[in-house]
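Reader: Could you take me through one part of this model up close, starting right where that part stops? I'm new to this, so please keep it friendly.

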Amino acid sequence: MPATEPDAAPRCATPDGPPPLSDTGAAGGALDRGARYEAGPADGPEADDAEEDDVRDDADPHHADPEDVDRDDKDQDDADRDGEHAKAEDDGAGEGGDRADGHAEPEGLERLEHPLPAPVRQRVVGVAADALGSMPGQEVPPALRRYARFTPSRRARLAGTPIAAALESDATFRHRIAERLRAGQPELAGALETGSAPPAADPMDVAAAAYLLRPAGWTRLVAESGRAAEQAESERTTAEALRTAEQLSAELAAAKAAARADGERLRAELEALRRESDGVRRKLRSAEAQVKRAEAELRKVVAELEQVRSAAAAAQAQADGDARRLRNRLADAEAALEASRRASREDRGVADMRLRLLLDTVLDAANGLRRELAVPPTTQRPADSVEAVEPVPASPLDVAARALAADDPEILEQLLALPHVHLVVDGYNVTKAGYPALPLEKQRERLLSQLAMLAASTAVEVTCVFDGADLGGPVPLAAPRGVRVLFSRPGETADELIRRLVRAEPRGRPLVVASSDREVADGVRKAGARPVPSSMLLRRFARG
């Protein structure tokens, strides 16, 4: 039988029923301290966990799960109804004996004159609750089968009333519980059957075992154990009261000593406050005298300030008069200057008009002479008539890279120096190589800023391509001056868009593609473009 919870303080029981259900599970396992029953289907790790939850819920009601509380209330109501039903069956059995499943005890056996004492009832219900989980289903009374799946503590807590009623009314069920008790504690059972109880045994264990085994004189053992429990409880209560009284006396003495110390301290503080109050009064009188002197000084300063204000007002009036005179003189000077400028502009306008009329006459005469002579515009120069071998235009593939590293930015400088060159940049390929730790938005902003500075310094056409196949819609982005920004369409990669851009250019135009993707490089090289690695462009950015 699994170990159960420690004993709890007993509560009062009613004459016709078991003690409160919350106490039955707390003391239910005290009888099996010396031996264990075999584990039943309801025991195991899951049952132990559930039992720990029940113990925690009993210790702290606020910790309990609301669903567990509702379920416990429902189980408690069912248990009360089962207990009332079992009690009704017990009353219907009559004075001739107990009745359950067709079995009844013979008449003339010992019966209790009074209900079981509350502690003994708790022990009995706890033993039955522990053994109920290991019993086969057909041996469990119908009223208790719904509780067989509970943990022992939960059964004792929620099914205390039905278990107590079944033990009282069902002799077969009580005998089965007694057999498991006899198998678990044979020494105690053997001693009780001989009519004597072990001197060292707990009286509650002896009474519970006597109630279940029912040897000769078991009613006497139950009654004596009840009286012993009440006496022990009385002694414990008396000892606790004495300890409480001693503790209260000590606390009272300490409180009196603290009160005396507080009184002395407060008197000392009051005396200090009185001295401080006298000092404050003296300082207040001194401050009042200083305030009076300050008020006299203030009145003197106010009078002097009034004199200064009068003098300042006179000086301000004089200054205003001087300013008015100066403004009048300035207005006269500005009027004379404007008249002089107007006369000068009129004279210059007449001269400019005459010069423009003469120039227009000369140009009209020259254009008329050209039309009369039918002179065609010349596109050749004397040097064009000299026969020689002319070079073919250079392409990006003709740029030499001798004595230069594969990603030397000098190669890119030579390529960008070609006339009408177009630079296409694989955006994310460059950013992932240069600054992969940044978010995609920051990568785009940094690359476009660097490309804008490159376009401004070299005056080349720059197109930056980003992969937009996974984007849900257009990206809000302000393209910098001199840089064309393109995103691939849904279902299309940036590599395919770059190849379309290369094919769109006329053959012979210098075209440079910055990408370290080998597939992109091979594709654009076949189309006539010059691929360069992304590291070369990043090194060119680093040079500034």
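Author: Sure! Go to alanine 374, just after helix 10, where the phi angle is positive, at about 55°. Keep in mind that you're looking at a predicted model.

Now step back from alanine 374 into helix 10 itself, which runs over residues 218-373. If those 156 residues made a straight helix, at 1.5 Å a residue, the span would be 232 Å. In the model, though, the C-alpha atoms at the two ends of helix 10 are only 153 Å apart.

Which residues of helix 10 are buried? The list starts with Trp218, Thr219, Leu221 and Val222, goes on through Ser225, Gly226 and Ala229, and then takes in Gly279, Gly321 and Gly368. Here's a handy rule for looking at any such list: an α-helix has 3.6 residues a turn, so residues three or four places apart point the same way.

And what covers those buried residues? Among the things that do are helix 4 (118-132), helix 8 (186-193) and helix 9 (203-213).

Helix 4 also leads us to a neighbouring spot. Between strand 2 (103-104) and helix 4 there's a loop, and proline 115 sits in it. Along the chain, proline 115 and alanine 223 are 108 residues apart, yet their C-alpha atoms are separated by 9.8 Å. Is proline 115 buried, exposed or partly exposed? Its relative accessibility is 39%, so proline 115 counts as partly exposed.

For another part to set beside helix 10, try strand 4, residues 461-466. Five of its six residues are buried, so strand 4 is largely enclosed by the rest of the structure. Strand 4 pairs in the parallel sense with strand 3 (residues 422-426), over five bridges, and leucine 423 stands opposite valine 462 of strand 4. Strand 4 also pairs with strand 5 (residues 483-487), again parallel and over five bridges. There, cysteine 464 has valine 485 in strand 5 as its bridge partner.

Last, how confident is the predictor? The mean pLDDT of the protein chain is 76, with 74% of residues at 70 or more. Strand 3 has the highest confidence, at 95, while helix 1 (residues 21-24) has the lowest, with a mean of 32. Over residues 1-52 the pLDDT stays under 50, and over residues 85-108 it is also below 50.

Methods:
Residues are numbered from 1 along each chain as its sequence is written. This is a predicted model: local features need pLDDT of at least 70, side-chain atom pairs count only at pLDDT 80 or more; totals for chains, interfaces and linings use all residues. Side-chain values use heavy atoms; hydrogens and water are left out. Helices (H or I, at least four residues) and strands (E, at least two) are DSSP runs, numbered from the N terminus. The expected span of a helix is 1.5 Å times one less than its number of residues. Buried means under 20% relative accessible area, exposed over 50%, partly exposed in between (1.4 Å probe, protein chains only). Contact means heavy atoms within 4.5 Å. Two strands pair if DSSP finds at least two bridges between them. pLDDT is the predictor's confidence in each residue, from 0 to 100.
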